Each structure stands twice: as structure tokens, then as C-alpha cells.
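Colleague: Got a minute? I'd like to go through this one with you before I set anything up.

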Amino acid sequence: MYASGSDAIRRTAADLAAAIASGELSAVEVTQAHLDRIAKVDDKVKAFLHVDAQGALAAAAAVDAKRAKGERLGPLAGVPLALKDVFTTRGVPTTCGSRILEGWLPPYDATVARRLREADVVIIGKTNMDEFAMGSSTENSAYGPTRNPWDLERVPGGSGGGSAASLVAFEAPLAIGSDTGGSIRQPAAVTGTVGVKPTYGSVSRYGLVAFSSSLDQGGPCARTVLDAALLHEIIAGHDPLDSTSIDMPVPPVVAAARRGADEGVRGLRIGVVKQFDGEGYAPGVRQRFHESVELLAGLGAEVVEIDAPSFDHALPAYYLIAPSECSSNLARFDAMRYGLRVGDDGVHSAEEVTALTREAGFGPEVKRRIMLGTYALSSGYYDAYYGQAQKVRTLIIRDFEKAFERVDVLVSPTTPTTAFKIGERVDDPVSMYLADLCTIPTNLAGNAGMSVPCGLAPEDGLPVGFQILAPALQDDRLYRVGAALEAALEDRWGHPILEEVPAL
Amino acid sequence: MPSITREEVAHLAKLSRLELSDAELDHFAGQLDAIVSAVARVGELPTEHVPPTSHPQPLTNVFRADIVRPAGTPVLDRAEVLAQAPAAEDERFRVPRILGED
Amino acid sequence: MSIAKTQELLGFDEALERYDPVMGLEVHVELGTNTKMFCSCPTEFGAAPNTQVCPTCLGLPGSLPVVNGAAVEGAIRIGLALHCEIAQWCRFARKNYFYPDMPKNFQTSQYDEPISYNGYLDVEVDGRSFRIGIERAHMEEDTGKSTHVGGATGRIHGADYSLVDYNRAGIPLIEIVTKPIEVPGHLAPAVARAYVTELRELIRALGVSEARMERGQMRCDVNLSLRPKGETKFGTRSETKNVNSLRSVERATRYEIQRHAAVLASGGRIVQETRHFHENEGTTTSGRVKEEAEDYRYFPEPDLVPVAPSREWVEQLRGTLPQSPTVHRRRLAAEWGISEFDMQTVVNAGALEQIVATIDAGAPSDQARKWWTGELARVANERGVDVGELPITPAQVARVVGLIQGGELTDKLARQVVEGVLAGEGDPDAVVAARGLKVVSDDSALLAAIDAAIAANAAVAEKIRAGNHAAVGVIIGAVMKSTRGQADAARVRELVLGRLS
């Protein structure tokens with residue numbers, strides 16, 4: 001709990017849900033408090049692309065009505081949530097941060113959105129993001145950048161900067177992101193929040209507008225590990241509308257989070273990835289990371305160093321696979337069935353209108369990646385680029401397999417640096433791509449990863465993220481380690497990290 | 001000698017249906033060249049006997065029963081869908097004249 | 001370099017004296033599943049526009065495909081019936097190109113890992129058997145349908161805009177590709193037709209599709225190249241798209257042989273291009289010239305997981321295969337008491353299914369056969385369609401046969417009834433009633449006509465009375481004329497002889 005009494009916006013999701021269930025607070029009150037907060041601070045933060053006040057209040061009222069009738073409420077019923085604008089919501093604008101979808105009202109709900117509604121979670125609005133989730137700073141949004149509440153001159157990470165920033169700005173206690181190369185974990189790291197990329201196939205991608213189909217995975221964003229776990233259990237699970245969805249029970253992540261906080265990590269084997277340290281890593285990032293590893297060792301974990309040599313090639317492999325898939329996934333934005341249409345003057349052909357619309361509707365990063373992917377898939381280049389990247393992917397999976405024979409989880413810094421300044425890397429794509437250096441291998445392998453805050457870097461006072469990686473379908477291990485670290489750090493600091501966020 | 005020339009970018013833009021300006025062609029040529037040089041590092045690892053991975057989870061044979069719109073399937077309202085189209089006419093999507101064939 | 005855009009043709013025989021044709025046939029079959037290939041939308045033909053669509057087949061952002069198991073089963077059964085090997089593991093691939101009919105701007109298809117490959121189909125032409133090699137049979141999805149508005153009616157060129165209906169988008173397709181077909185040149189068009197006919201029979205026998213070409217449920221692309229006699233290298237090929245009737249397959253093949261020959265003989269070069277076949281003129285025209293090889297940027301479809309049919313499943317499906325068409329036809333030929341050669345005529349007329357259905361509807365086999373390979377085949381040929389496309393059903397033909405057998409129609413009247421049915425005047429009974437075509441079977445009415453005929457032909461009547469029965473035809477003819485053919489000639493003969501005995 002961040003504050004006592006009625007200051008609803010500072011309470012955890014678990015706490016709010018309990019307060020709503022007990023009648024201490026009504027869901028409408030809670031929702032209104034967050035809408036008020038958004039009205040007050042979002043001009044500065046710009047976390048939201050669309051606030052659905054009416055829909056949110058109606059959903060909240062329905063929760064209150066349920067309670068009044070004595071119906072059992074779900075574990076997050078009535079709690080507001082900020083949904084990344086990459087998930088379709090019926091009748092509610094969904095832009096993916098792109099001009100090409102400006103004004104689009106999807107005629108259907110994403111499975112994640114449907115599950116949230118069914119669990120009575122109150123979707124309060126749609127959050128800003130790098131266009132089509134391509135970016136590491138949320139500067140690639142067609143609707144302007146989101147700002148990091150820790151320092152409004154800095155980026156909140158990306159692509160899910162809006163979701164992460166909304167948590168830190170106390171605009172919502174829960175958010176949903178999507179993680180293709182780190183877009184949940186990297187923003188979590190630079191905003192001091194918790195972000196989880198679940199095992200590929202455990203959260204339905206139906207209605208998640210595809211960037212890179214074999215890498216994309218929706219996941220929970222929260223201020224605490226337990227809140228993330230509660231949200232994880234709501235959105236995860238088999239979906240027959242997604243062929244890549246795994247038909248297996250969701251790992252018991254809530255139980256694992258509770259256990260980690262209560263019992264710690266005694267006996268757990270933790271591997272420190274050798275490749276993600278040293279040159280290129282900010283001193284404060286290294287310092288906080290190593291302190292945390294020592295802390296875990298102090299709690300009884302067995303720590304070993306793990307060599308995963310192929311991880312050095314994860315970044316180039318990712319920047320071939322993801323653009324290749326995106327070049328195909330984004331072909332559907334052709335001005336024929338939905339979205340923007342430019343140049344339809346009765347003279348231009350369909351082909352020309354498509355090209356004019358895509359030129360006007362896509363930003364530079366999207367165009368770069370579409371062309372890069374088109375190049376990598378072209379005959380003559382396929383084997384050297386896309387084909388070779390898929391082989392590197394195999395090597396990365398093998399390195400993970402070997403590592404997980406020796407350890408239960410792997411750990412590393414989530415990002416090499418803390419939040420950088422808005423504009424600093426905009427026109428240097430290669431340096432921008434480095435932000436996802438440590439998060440990418442997990443996406444390529446399809447296993448699970450989490451970022452949990454591990455302190456502020458001494459040199460700039462900005463949050464540092466601690467990354468935990470687990471084998472596929474062992475997502476519960478993330479929560480056990482994450483909750484143990486969170487509890488130990490809060491114990492050391494005497495308060496949660498977000499107590500230190502400057503007032504907006 | 002850059003590995004991606006301006007002409008090549010123009011060709012990629014055409015394949016990708018992007019009506020790039022001259023300034024963009026110049027700009028992207030430089031950037032794509034830098035990116036391609038960076039990602040070409042995937043070729044450094046020995047992968048002669050390594051099979052490619054297209055799907056991160058080893059699933060196979062995920063099939064659907066041949067049943068029309070079972071429960072849980074989104075059913076669209078045609079009016080709602082066509083209302084989102086840039087242009088519609090006669091219950092169909094109206095599109096500019098189509099060049100080519102088929 | 002001369003690119004011949006003109007429609008000059010070399011004589012068919014002359015062309016074949018100088019060149020050998022090499023064909024490749026690509027046939028697309030729409031499977032008759034209840035639902036689409038990758039979503040659970042219905043596939044009914046002729047539904048109101050854009051009513052059989054969902055996020056997936058409209059390519060809406062965020063939508064995902066899920067494979068229809070029945071379509072995979074259909075694909076495997078087709079592969080097995082074509083003596084193909086069935087892949088132990090294969091994937092779908094994306095074929096990337098932009099087209100407004102195609103909602104995702106990639107077609108989900110199979111590339112280098114087809115579900116079935118390396119098979120054959122035997123066909124017979126002129127009493128000779130040819131084995132057509134099957135390269136592959138793979139799964140993919142259909143596109144939507146555009147209607148072009150303004151400009152020249154219905155054609156793309158000159159249209160002002162188009163209207164797109166996506167009901168057909170995503171209907172399962174099996175693309176069946178032959179290996180290069182090399183047969184004696186003069187038989188090539190007939191072999192092409194026989195192959196498509198045989199394939200259609202097979203598809204129908206499997207029950208995986210109605211394969212109605214007039215509805216686009218089966219469509220053929222004809223690839224053709226010529227090479228000078230004695231050379232071994234294949235020539236440049238043209239690809240004639242969407243040849244949509246059996247007859248057109250034969251005509252398009254023949255036309256392209258003659259066109260290629262004319263270009264080559266005049267020293268020209270064949271350009272690799274797609275061409276369109278025009279039913280009415282029987283000609284092809286240039287479609288899109290492939291300036292550079294298409295770069296479809298195929299890659300494994302990440303939204304679908306691999307298909308790995310177990311051997312048990314494949315064997316179980318093998319057990320569901322119907323009798324092979326050859327065996328089936330041999331059995332029918334024996335049942336009907338006709339030679340295998342006569343049976344081939346039936347098959348090549350594309351009338352087998354109609355005849356079987358007509359027999360099922362109660363007609364004797366010889367009558368059913370006579371109508372479909374005689375009168376109806378003639379009309380179909382006149383109209384330039386396949387017999388199956390004629391607007392008459394086997395049940396209607398069986399009814400006509402029944403009326404003849406019941407003595408209510410003569411053969412001549414029956415042809416008029418069929419003509420009426422084909423003209424859209426309704427069922428045979430309705431045509432009989434409307435046109436007043438019933439046989440005059442009322443003896444008193446006939447006798448009045450006979451007496452009038454005898455009176456008008458007194459000299460002939462005398463001869464008959466004198467025992468010259470050969471002369472009776474004159475009286476009968478007169479009676480038939482006065483009754484406008486509606487009398488039963490045999491009954492008239494009886495009555496005339498009775499009158500004059």
C-alpha cells in the first residue's frame with residue numbers, strides 16, 4: 001500500500017479489489033478517482049491516446065451492481081486498467097500509435113480485452129505506444145511521445161511507454177502491454193515498474209495487432225509483482241482463436257508471487273548471464289544489478305555464471321526476423337477496408353492509393369522496418385538474412401536449454417542504461433536498437449521474462465530494471481524470484497520504489 | 001561501397017507499396033545500409049547443420065472442427081464493418097480502379 | 001526483338017510439324033467444406049455480399065487464422081487419390097503481394113512443403129492411355145470478388161472503380177499442379193481436356209467438392225510452351241489463367257499452340273506472361289507481362305503451426321477412398337452393356353455424372369445415355385458450354401424419358417419439350433401443358449384425321465386396300481402432319497390398316 005485511507009490512486013490493484021469487494025470503496029469511486037487523476041496529469045505525461053470515461057464508468061457501475069446483488073466478484077473486479085492501444089476494443093478507437101488507423105473503431109474485441117471485461121476489470125483507456133510497437137522509446141507514436149514521470153524530459157521506454165508511464169503517474173494501477181523484443185520489460189525497467197512477458201503462446205494474440213507474429217506476446221504491467229500475477233492469471237489461458245495458443249493450464253503465478261514474498265528463494269539456482277554485463281552498461285545499472293544478485297544470494301539462492309555465446313547475435317537476428325514478419329503483417333494496411341485513405345480522386349488507381357496512403361500513414365521507423373523486412377525476405381537474400389536469423393534463433397534456444405539444465409532462472413539487467421532523453425537516439429536507429437539487447441533472446445526463444453525494479457542508478461537517480469528469465473511454461477518462477485527480490489529491496493529501502501517518483 | 005543503394009531502396013519501396021519522396025530515399029538508403037551492415041553479423045555464427053526455427057513453441061496439428069461459427073466466435077455486423085471502410089457502396093467495399101488483372 | 005501482340009496463328013497441323021508442345025496444368029479446386037480454410041465463416045454460394053465474413057477473412061488488424069481440419073482431410077484424400085506421397089510434416093507459407101481482393105495482401109498457401117507431392121493420374125484419349133505426373137497438391141485460400149463499375153462493363157480496364165465482396169475470401173482451395181506434360185502434339189488439347197475431366201470426376205467421387213466449373217469451384221490455368229522438333233530445351237511459356245470449362249481447356253491449349261507457333265515461326269520471341277482466355281472468341285489476350293520474376297517473399301506462416309499428419313490418420317483416410325474412377329466406369333460400362341470405348345465417349349463428353357443421375361431418377365441407361373451424349377451434347381456444343389452447365393436437370397431428362405415410355409410423347413415431341421425446358425419454360429410437364437404437346441391418343445380424334453387423310457389420298461388408299469401395306473406411310477405422314485406430330489405413329493398405322501382392311 002502506497003498511502004492510507006481514501007487516496008485510491010496510490011493503492012495496489014490487489015488492495016483496491018479487496019476494498020471494492022468489501023464495500024469500503026465503490027468501483028465507480030475508484031474509477032472516477034483515476035479519471036480525475038488522468039484529467040489532472042496526462043497533459044504532462046501523455047500516457048493515453050484515448051480515455052474511455054463513459055465505458056469505464058459503465059463497467060464500474062456494473063461491478064457495483066453485481067456486488068449489490070451479492071454476486072461473487074473476481075480478484076481484480078472493479079480495478080481500472082490501461083490497455084495498450086495495440087489490442088482491438090469494439091467500438092473504442094484503436095490506432096496502434098499510427099496515423100493509418102486514426103479513427104478506426106474495431107468491430108470486435110481482442111481476446112485479452114474480452115477476458116478483462118469478463119473478469120470485471122475496468123478498461124479506462126488506451127495507452128500510447130511506438131507506432132505498431134516498433135520502437136524502444138514511445139517517440140515513434142504518430143500522436144507524440146509519452147514522457148517518463150521520473151523525468152519528463154526522458155522517454156518512458158517503448159514500445160509500451162504509455163502503459164508503463166500510466167502506472168508511475170498513478171493514472172491506473174494496472175496496464176497491459178505487448179512484448180515483441182522487450183516492449184513490456186524495457187519500459188518497466190526505465191519507469192521502475194513490473195512488466196512480464198509470459199511464455200509465448202500463453203496469452204492469446206487474437207486481437208493483438210501483429211508486429212512480429214512469432215515474437216509478440218501480451219502481458220501484464222503493474223506496480224507490484226503480486227498485482228502483475230493477478231492480472232497474468234486473468235489474461236492467460238488457451239484460446240481456440242489463436243493457433244499458437246498453448247492448451248495447458250496457466251502456471252500458478254499468484255501462488256508463486258505470494259510464496260516468493262513469504263519464503264524467499266532459498267535453494268533456487270540463479271544463473272547470471274555473462275553476455276549481459278560489462279562494456280556498454282551504465283555503471284549505476286551494473287551496480288544495482290549486482291547488489292540485487294548478492295541480495296538473492298544472501299536469501300539462500302545459489303548463484304552461478306552462465307555463458308550463452310549465441311546471445312551476442314540475438315539482436316541482429318531479431319532485427320531480421322521482426323522486420324520480415326512485420327513487412328508481411330503490415331501489408332494489410334492498404335486503404336481498402338479500414339483506416340486512412342489518401343489520393344482517392346477517381347484518377348489514382350487502387351495500387352497508387354495504397355502507396356500514397358502508406359506513405360502518408362506510416363512513420364519513418366515503420367517504413368524502415370517494412371523495407372528492411374522486404375529486403376531480408378527477397379529472393380537472393382532470404383538465406384543470408386532471414387534464413388540465417390532463424391538458425392541463430394535455434395542456437396539461442398539451445399543456449400537457453402543448456403542453461404536451464406543448470407539453473408532455475410537466468411538474470412541480467414533489463415536494459416543497458418536508464419531512461420535516455422527524448423530525441424537523443426531518434427535518428428540513430430542502430431543505437432536505439434541497443435535498448436532491447438538483453439530482452440530479445442527471450443522473445444526469440446519463446447520463454448518467459450520479467451523486469452522488476454532494483455533501485456535507482458546513483459549517477460542519475462533513475463530506475464534500474466532487474467530481468468528474470470524462466471523456461472517456457474515456468475512463468476511462476478519469475479514471480480517467485482521477482483516477489484522475493486521486491487520484498488527484500490522494499491525491506492532495505494523501507495518503502496516501495498515509486499514513493500520516490502517526483503510529484504507531477 | 002554501401003550494400004544498399006538508393007535504387008535498391010526505391011525497389012524495396014515499390015515492393016512495399018510506399019510512395020517515398022526523393023528526400024526519404026536518400027535518408028533511408030543511408031540508414032538501411034547501416035542497419036543491414038549491423039544485422040549482417042548473423043552470418044558470423046557457424047550454422048551449417050543447424051535447422052531454422054520458425055515457431056518458438058513446438059506445436060503441430062492445431063485444427064478447428066468444420067463447424068460454422070461456434071460459440072465464442074466473433075460475428076461481425078456488416079453495417080458496423082462497412083461504416084469503418086474508407087468507402088462503401090451496395091453492401092460492398094468501394095475501392096479505386098484496379099490495375100492489372102485477375 | 002519483336003513482341004507479337006497480334007493474333008496471328010499458324011495452322012494447327014503446321015504448328016505441330018515444326019514444334020512439340022509442353023503443357024503444365026494448374027487446377028484450383030474449392031473444397032466443399034462447411035467453413036472456410038482459416039476461419040469458421042460459412043462457404044455457401046450466392047450469399048448476400050459481405051455476410052460470410054469475420055475479422056480473419058476480412059484481414060482485420062489483430063485477426064488470426066486457425067486451420068480447418070476437414071480441409072486438411074480433404075487435401076490428404078485428394079493427394080492419396082492422385083497416388084501422391086503425403087508429407088510427414090509441412091507448413092503453410094505466406095505468398096506476399098498486394099491485391100485489393102486479398103484482405104491480408106498475402107495469400108496463405110504452401111510453398112516448398114506441400115501436403116501432397118509426386119503422384120499421377122491416368123487419362124485416356126483415342127483409346128490410348130496417358131499418365132499425367134502430379135508435381136504437388138497443396139492447400140491455400142481463395143480471394144474475394146471484385147465487380148468493376150463504369151467504363152467497359154465488367155472488365156478491369158477502363159473501370160472507374162470496383163466493389164469488393166469478401167464472402168469468397170478464405171474458402172479452402174487445393175491447387176493441383178502437373179509435371180510437364182509431353183504427349184503427341186495433335187493430342188495435346190484433348191489430353192488437357194481429358195485430364196481436367198478426369199480430375200473433376202475424381203474430385204466429385206471423393207465428395208470433397210462439387211467441382212462446378214461454371215461456379216468457379218474448379219478453375220484451370222494452362223501453361224504452354226513450344227520447342228522446335230529435335231531440341232531438348234523447354235521454350236518460354238505462357239500462362240493462360242482461369243480457363244473455366246472443359247471445352248475451354250481444349251480450345252485454349254489449341255489456340256496457344258497455334259499462337260506460339262506463329263510467333264516463333266516468324267522469328268519472334270515468346271514473352272513470359274499471363275494471358276486471359278475469352279470464351280466467346282476462343283482467343284487469349286495478354287495479361288500482365290512478368291518484367292521481372294515475381295518476388296513473392298515466401299516465408300513460413302508464423303500464425304499457423306506445422307501440419308504433421310500421423311501415418312495412422314493417412315492410412316485411415318486411404319481407407320475412405322472411393323473406387324477408382326477407372327474401376328467405377330468399368331463397372332458402369334458392364335451394367336449398361338456398353339464397350340469401354342463408348343464409355344470413354346461418355347466421360348470425355350463430361351456427361352457421366354448426368355447420365356448416372358438420370359438413371360438414378362428412373363430412366364433406362366440407354367435412354368439416359370442417348371439424351372446426354374446426343375441431343376444435349378449437341379446443344380451444349382452449340383452454346384459453347386459443358387453439358388453440366390445446361391439449365392436442365394437429370395431428373396427433368398428422366399421425366400421426359402418417362403413420358404416417351406408412357407406413350408405420352410413421341411421422340412420428336414420430346415425434343416420440343418427439352419427445348420422448352422432449356423429455354424426456361426419450366427419442368428417437362430409444364431412445357432407439355434403450355435405448348436400443348438401431348439400425343440393425340442384419343443382414337444376418335446385420330447380416326448377423324450385418318451378419314452380425312454384417306455379421303456385426300458384415295459388412290460393410295462385403294463392400293464392399301466389391295467394389300468400393298470408399304471403405301472401406308474403416305475397416309476400416316478398425312479395424319480402426322482395434320483396433328484402437328486402429336487400422334488403416335490404406331491397407333492395411327494394400326495388404325496389406318498383397320499380402316500382399310
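Modeller: Sure, one term up front: buried means under 20% relative accessible area, exposed over 50%, and partly exposed in between (1.4 Å probe, protein chains only). Also, this is a predicted model, where local features need pLDDT of at least 70 and side-chain atom pairs count only at pLDDT 80 or more, while totals for chains, interfaces and linings use all residues. Residues are numbered from 1 along each chain as its sequence is written, chains are lettered from A and ligands numbered from 1 in the order in which they are written, and side-chain values use heavy atoms, with hydrogens and water left out.

Colleague: OK, so is C:N242 buried, exposed or partly exposed?

Modeller: C:N242 has a relative accessible area of 35%, so it is partly exposed. Its phi is near 50 degrees, a positive value in a residue other than glycine.

Colleague: Where does C:N242 sit?

Modeller: In strand β12 of chain C, residues 238-243. Strands are DSSP runs of E, at least two residues, and helices are runs of H or I, at least four, numbered from the N terminus.

Colleague: And what's the phi of C:D126?

Modeller: C:D126 has a positive phi too, about 55 degrees, and is not a glycine. That residue is in the chain C loop between β6 (116-125) and β7 (128-141). C:D126 counts as exposed because its relative accessibility is 61%.

Colleague: Switching to chain A: which peptide bond is cis?

Modeller: The one from A:G158 to A:S159, with omega near 10 degrees. A:S159 is in the loop that runs between β3 (122-127) and α5 (161-168).

Colleague: How many helices and strands does chain A have?

Modeller: 16 helices and 11 strands. Of its 504 residues, 68% are buried.

Colleague: Which residues touch the most others in the largest nonpolar core?

Modeller: A:L116, A:F132, A:F466 and A:Y479, in a core of 189 residues. Such a core is a set of buried Ala, Val, Leu, Ile, Met, Phe, Trp, Tyr and Cys residues joined through side-chain atoms within 4.5 Å. Apart from it lies another core, of 71 residues, including C:L121 and C:L187.

Colleague: What does A:F132 contact, beyond its neighbours within four places in sequence?

Modeller: Among its contacts (heavy atoms within 4.5 Å) are A:C96, A:F211, A:F333 and A:F362.

Colleague: Last one: how big a box do the C-alpha atoms of chain A fill?

Modeller: Roughly 65 × 55 × 45 Å, along the principal axes.
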